[in-house]
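Visitor: I'm new to this one, and I'd rather know one corner well than skim the whole thing. Please pick a single part and take me through it slowly.

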Amino acid sequence: MKKFVSTFLALIFSTSLLQAQASNYISAVRIGDAKERTPVTVSADLMAAENLSSISIFFKKFGENEYRNLEMMIAGNTASVSIPAEYIIPPYLDYYLLVYLKDGNAETYPLGIEQGRTPLQIPISGVSEKDKEIIILSPFDGEILSQENMLVSISFFKAPDNIDINKTRIYLNNENVSSRVLIAGDLIILSGENFEGTLSSGSRLLKVEIYDKQGNLYHSISRTFQLVSAEVAAEISSRWRTAGNIRAESRSETYNSASTWYNNVNAEANASTDNWRFSANVYFTSEDKNNLQPYNRYSALIQGGDWLELRLGDTYPRFPSLIMDGKRIRGISGFLNLGFLNVAAAIGESDRKIEGALIETFAQGQVPLGSDIISINETKYGDPFGRVSLGTYTRDLFALRPSFGSGENFQLGFTYLHSKDNTGSIEFGARPQENIVVGSDIKFAMDNQNILFTTQVAFSMFNKDIASGNLTDTQIDSIFGPNGLYDIDPDQVKTIRDILGNFITVNQYIGPLNPQEFASVAGEAALSLNYLNNSLRGSYIYRGNDYLSFGQSFIRTDVKGFNIVDRIRMFDNKVFLSFGYESLEDNLQKTKPATTKYNTLSASISIFPRVNFPNITIGYNKSENKNGLSITNPTMKDYVVDDITNRIILQLSYDFVALVKHNTSLSFTTQNREDNSLSNVDAKYNATGLTVNSYWTSQLSSIFQVLFSSSEIKNVPFEYVTLTLGGRYRLLENKLQLSAMLSPSFGDFKRQALELMADYNVLQNFNLAFQARVFSIPGKSTNSIIGLVSRFNF
């Protein structure tokens, strides 16, 4: 009876790592294992990729109101990104994807984020003190081994007395290999020689489940390593460790009866010693076109320990977050850390040129008004003016940050960023722009960083049209002075122009025009205290409405306020209590009819028992936005902001054994938005998702998922159910892997999706894979993605 109850609970409680939502361009999102202070990989399966320009992920930590963003790497029909470890903090991350289309439009995943729909969540588990009791001595995380040299060694030397080492279960890629281990005192040893036949090359997930003397699950630990051939392992064990792979794909996509062939190739290579690392990556695709921003990617890395890093090609440099944080440039970036003195720099193109097109020409005196009317070469085109399809200038970017201090206890940094459109890069363009940002940041830490204070401030200048160049002396004399528009000494203006002109173009289009009001200033400060299993963090932000950095495109401006988040850890990190409160307001420079106040309250409890019981996370969020205006005021009713949103989430997950091993997850989300403004965009949203992964044998596994979504926006309902049933089977001594997945959707969103894949290990280091995805929407043509992928590891 107890086993039945346990199994029943497992099928009830859960969070999905395969998240499927209604979308025109994304069929599913896959999330890697999310553990505290460990990077998390997010990948999206794409459809209708020929319509996509780029994809970004927007995410925020618990208790925060502002999203950060990262550009996702598109390779074939998959987009992926790794969220840095510093943001992976329990209990969960909110996130959504923003898909940019080639026609200039955009779509969120899930749909309706801009209308108040709740984002998705990534549950994050904490680190346990038990990780120090049972230790995996070998292999190291990410180590590369041959089958002959594979040795798994697990130490129970510090394990408590109630642990039964003989009950330990060892899994390799979810295959129970416990019968092959040797127990010698406080050690468990698993050798590659204990396996019959040859193990295939590739990534291996080692998972260890530890049980007490009563048979209860006490703890589990895991590690990944790579298995390669003896020849490759011998080369890696030499002074220079080298590895690489080449992946080529050819696929056909049919969308709305239009078929398109895509071809791409991706090659990676790396070499390393104990102190140096060299790597290179190239990705070329037929999707790269001159009229689009680049799809091709190529990069190289030279790294010397912790003191030197140099990246060439497509790079994503990180500076203080107000100035530049992960924006892609094509050029060079890197850092030199000498301890007391450090230097970080980046230089390259953030946008490549896209030439415009001439539509028609106009003679002098016959020129109509329009933002797309520009001066053209009269000798070349016969008339002095033309209507054009505006192109995109090459935008060059340079950033430099010298800093003092190692950053362990103190660091003082100064950052300068200059970005400018190259006016000569295209013929048909208008209003080229220029931007400079200067800033400073400070970090103080004490008591092993249990007390941490950070602050940064930045000032920006922006010129929205540099086509005419700097103001001339004649222009200054006509505008300034006793007889000009402004009674200011022209000589002083010329002096200012000559000084600022060394950094940015100075003309009538430069801003800010009101620097005394801090319109182009941004700053933030934060204090963190980490004591007695309590992490308390308070922060304050200020961002003027004119602050702008070309290195940080998505930063929220015209806002100030404070944020407080407290995370309490209890019972060996088995329980997390989290509380957050944020109070922000806009209209800093009094440019709006009224000031809107944004107040957000968050609370969460997460339970990770690490025994025969589900992991549970319950979260509550309340957001209230008001500006004090009334809809009964006829002159101000259009500017009213008055809405309250309440959201509750419940996430549970459970691993259990009922005949075979199962991973189950379940999530509930309910959100209600009450809008009392004139637009009256009331919204309700409810969603439930259940996922069961089952591992029937070492060769056969399956997945079952059901998702129910119900929303209502402005009294318009939208409901659907998506079922997913799939499986994977290995045969021919694990050389051939077959997988299939069927995912129909019913209700207001109707779609049938079928995915088939066959992956064959032709040679030791060479694989061929066939993949087919078919999407059918009633009343519309059937869409498909069919491709062949080859992979070679060396």
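Guide: A quick definition before we zoom in: a polar contact is a pair of N or O atoms within 3.5 Å, and within protein one of them must be able to donate a hydrogen and the other to accept it. Keep in mind, too, that you're looking at a predicted model. Its pLDDT averages 87 over the protein, and 95% of the residues score at least 70. Residues 1-17 are another matter, with pLDDT staying under 50.

Now let's go to helix H5, which covers residues 490-500. Right at its start, Asp489 uses a side-chain oxygen to reach the backbone nitrogen of Asp491, coming to within 3.1 Å. That fits the cut-off for a polar contact, because the pair lies within 3.5 Å.

Which residues of H5 are buried? They are Pro490, Val493, Lys494 and Arg497. Notice that this list holds Lys494 and Arg497 as well as Val493. The four sit on the same side of H5, because the arc they cover around the axis is only 100 degrees. The geometry of helices helps here: an α-helix has 3.6 residues a turn, so residues three or four places apart point the same way. And what do these buried residues pack against? Their partner is another helix, H4, made of residues 473-479.

Follow the chain out of H5 and you enter a loop that leads to strand E34 (510-511); Asn507 is found there. Is Asn507 buried or exposed? Its relative accessibility is 4%, so Asn507 counts as buried, given that the cut-off for buried is under 20%. The side chain of Asn507 makes a link of its own, reaching the backbone nitrogen of Tyr509 at 2.9 Å. Looking past its neighbours within four places in sequence, Asn507 also touches Asn463, Asp465, Ile466, Ser468, Gly469 and Leu471.

For a contrast, try another loop, the one between strands E13 (151-155) and E14 (169-172), where you'll find Asn166. Asn166 is exposed, because its relative accessible area is 59%, and the cut-off for exposed is over 50%. So here are two loop asparagines, with Asn507 buried and Asn166 exposed.

Terms used:
Residues are numbered from 1 along each chain as its sequence is written. This is a predicted model: local features need pLDDT of at least 70, side-chain atom pairs count only at pLDDT 80 or more; totals for chains, interfaces and linings use all residues. Side-chain values use heavy atoms; hydrogens and water are left out. pLDDT is the predictor's confidence in each residue, from 0 to 100. Contact means heavy atoms within 4.5 Å. Helices (H or I, at least four residues) and strands (E, at least two) are DSSP runs, numbered from the N terminus. Buried means under 20% relative accessible area, exposed over 50%, partly exposed in between (1.4 Å probe, protein chains only). The arc is that of the directions from the helix axis to the C-beta atoms.
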